[in-house]
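Colleague: Hi! I'm new to reading protein models, so could we look at one together and talk it through?

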Amino acid sequence: MDERGRSLLKTLVERYIAEGSPVGSRALSKYSTLDLSPATIRNVMSDLEELRLVASPHTSAGRIPTPQGYRMFVDSLLTVKPLEQDVKQVLSGGIQRDDPSRVLSKAVNLLSSLSSFAGVITSPKRSALFRQVEFLGLSDRKVLLIIVTPDGDVQNRILIVDKPYTQSELTQAANFFNQHFSGLSFAQARERLTEELHQISQDISALMQAAVNAGTEAEQSQQEHVLLSGEHRLLDVQDLSTDMDRLRKLFGVFEQRTALMRLLESSNRAQGVQIFIGGDSSLVPMEEMSVISSPYSINGEVVGTLGVIGPTRMAYEKLIPIVDITAKLVSSALSDPN
């Protein structure tokens with residue numbers, strides 16, 4: 001695409017985001033910095049349509065951006081605006097060093113209120129590794145599994161066993177477990193256990209299997225959770241709210257959260273702000289939805305993701321710096337002071 005096409009695509013996306021209606025040649029002539037005739041603009045628009053960067057709704061002679069058009073816009077045409085001073089003050093004043101749950105709650109609420117869309121944030125994953133385990137007999141058929149993580153967190157799980165165990169057997173099992181598997185996750189311990197079974201009796205083996213099964217469930221229960229704020233604001237977004245099936249799909253994403261978690265986890269592996277556009281990214285389950293996200297860290301280690309969920313027709317140039325600064329402030333509030 002030549003510079004003329006890039007300039008007109010940029011103008012078209014900006015006008016469509018601002019006004020929400022298809023953009024015609026007259027508007028492009030008025031708002032672009034190019035001195036082009038209406039006929040030339042129409043020709044360029046036809047070229048952009050062939051490239052699937054814009055589309056013509058049946059009800060209008062104007063054009064609207066496609067998901068691919070939005071992608072080109074945010075990747076190479078977008079001019080990000082500096083964050084306004086009053087917005088900076090709201091964010092820096094609202095996100096202060098505090099209990100982690102309050103920091104995350106405040107951040108997700110600010111993301112929603114400042115964007116007028118939905119805010120989202122994943123809570124940090126707790127350690128999936130264990131430092132040691134202990135077994136405590138409760139009755140003939142119940143054993144208490146005590147799991148201690150490297151950072152000192154303690155979890156308890158009750159095991160239903162097929163035979164009674166003496167405390168000596170329980171101590172033997174715990175000693176073997178700690179000697180061979182300490183510092184691993186239970187998923188790793190499960191893999192290693194099959195290699196070590198020849199060293200332990202069949203009775204203790206059954207207890208070990210029950211322990212790794214319960215430990216794996218404990219790990220899964222400690223996976224990061226998604227906090228959402230302002231989902232109801234999307235009911236006021238015309239692009240999303242005019243179709244009941246679209247609304248059902250949107251709130252299905254919020255309710256089930258599987259697709260949302262997959263998207264946010266992919267953002268964890270990236271650096272800086274990421275933009276996911278529905279119809280362009282397979283991770284976004286709706287063509288009319290976009291997500292602007294950024295990972296945040298604790299003491300330099302990425303532990304979660306935060307962002308804004310809204311329509312594809314959103315003011316990316318304003319929201320990108322809001323998400324970026326929020327991630328930096330959350331990272332600072334949760335990390336140890338220097």
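Colleague: Which residue in β6 does L144 stand opposite?

Modeller: Good place to start, and keep in mind that this is a predicted model. Strand β5 covers residues 142-148, and β5 pairs with β6 in the antiparallel sense over 7 bridges. Across that pairing, the residue in β6 that faces L144 is I158.

Colleague: Which strands stand at the edges of the sheet, and why is one side of each left without a neighbour?

Modeller: The open sheet has 3 strands, in the order β4-β5-β6, with antiparallel pairing. Each edge strand has a single partner strand, so one side of it has no neighbour in the sheet. From one strand to the next, the twist averages 25 degrees. The edge strands are β4 (132-139) and β6 (154-160).

Colleague: Which helix packs on the sheet?

Modeller: Look for a helix that touches β4 and β5. Its direction makes about 160 degrees with that of β4. Spanning residues 167-181, this is helix α7.

Colleague: Now for the pockets! Which elements give two or more residues to the lining of the second largest pocket?

Modeller: This pocket has a volume of about 370 Å³. Its lining is made up of 16 residues, with Y16, I64, D239, E288 and T312 nearest the centre. The elements giving two or more residues to that lining are β2 (64-65), α4 (67-77) and α10 (238-241).

Colleague: How many residues of that lining are charged?

Modeller: Let's split the lining of the second largest pocket by kind. There are 6 nonpolar and 5 polar residues, and the number of charged ones is 5.

Methods: Residues are numbered from 1 along each chain as its sequence is written. This is a predicted model: local features need pLDDT of at least 70, side-chain atom pairs count only at pLDDT 80 or more; totals for chains, interfaces and linings use all residues. Side-chain values use heavy atoms; hydrogens and water are left out. On a 1 Å grid over the protein atoms alone, a cavity is a set of points where a 1.4 Å probe fits but cannot get out, and a pocket is an open set with protein on both sides within 12 Å along at least five of seven lines; lining residues have an atom within 4 Å of a point. Grid points are joined across faces, edges and corners, and a volume is the space filled by probe spheres set on the points. Helices (H or I, at least four residues) and strands (E, at least two) are DSSP runs, numbered from the N terminus. Ala, Val, Leu, Ile, Met, Phe, Trp, Tyr, Cys and Pro count as nonpolar, Asp, Glu, Lys and Arg as charged, and the others, Gly among them, as polar. Two strands pair if DSSP finds at least two bridges between them. Axes are lines fitted to C-alpha atoms, for helices over the stretch in contact, and angles run from 0 to 180 degrees between N-to-C directions. Contact means heavy atoms within 4.5 Å.
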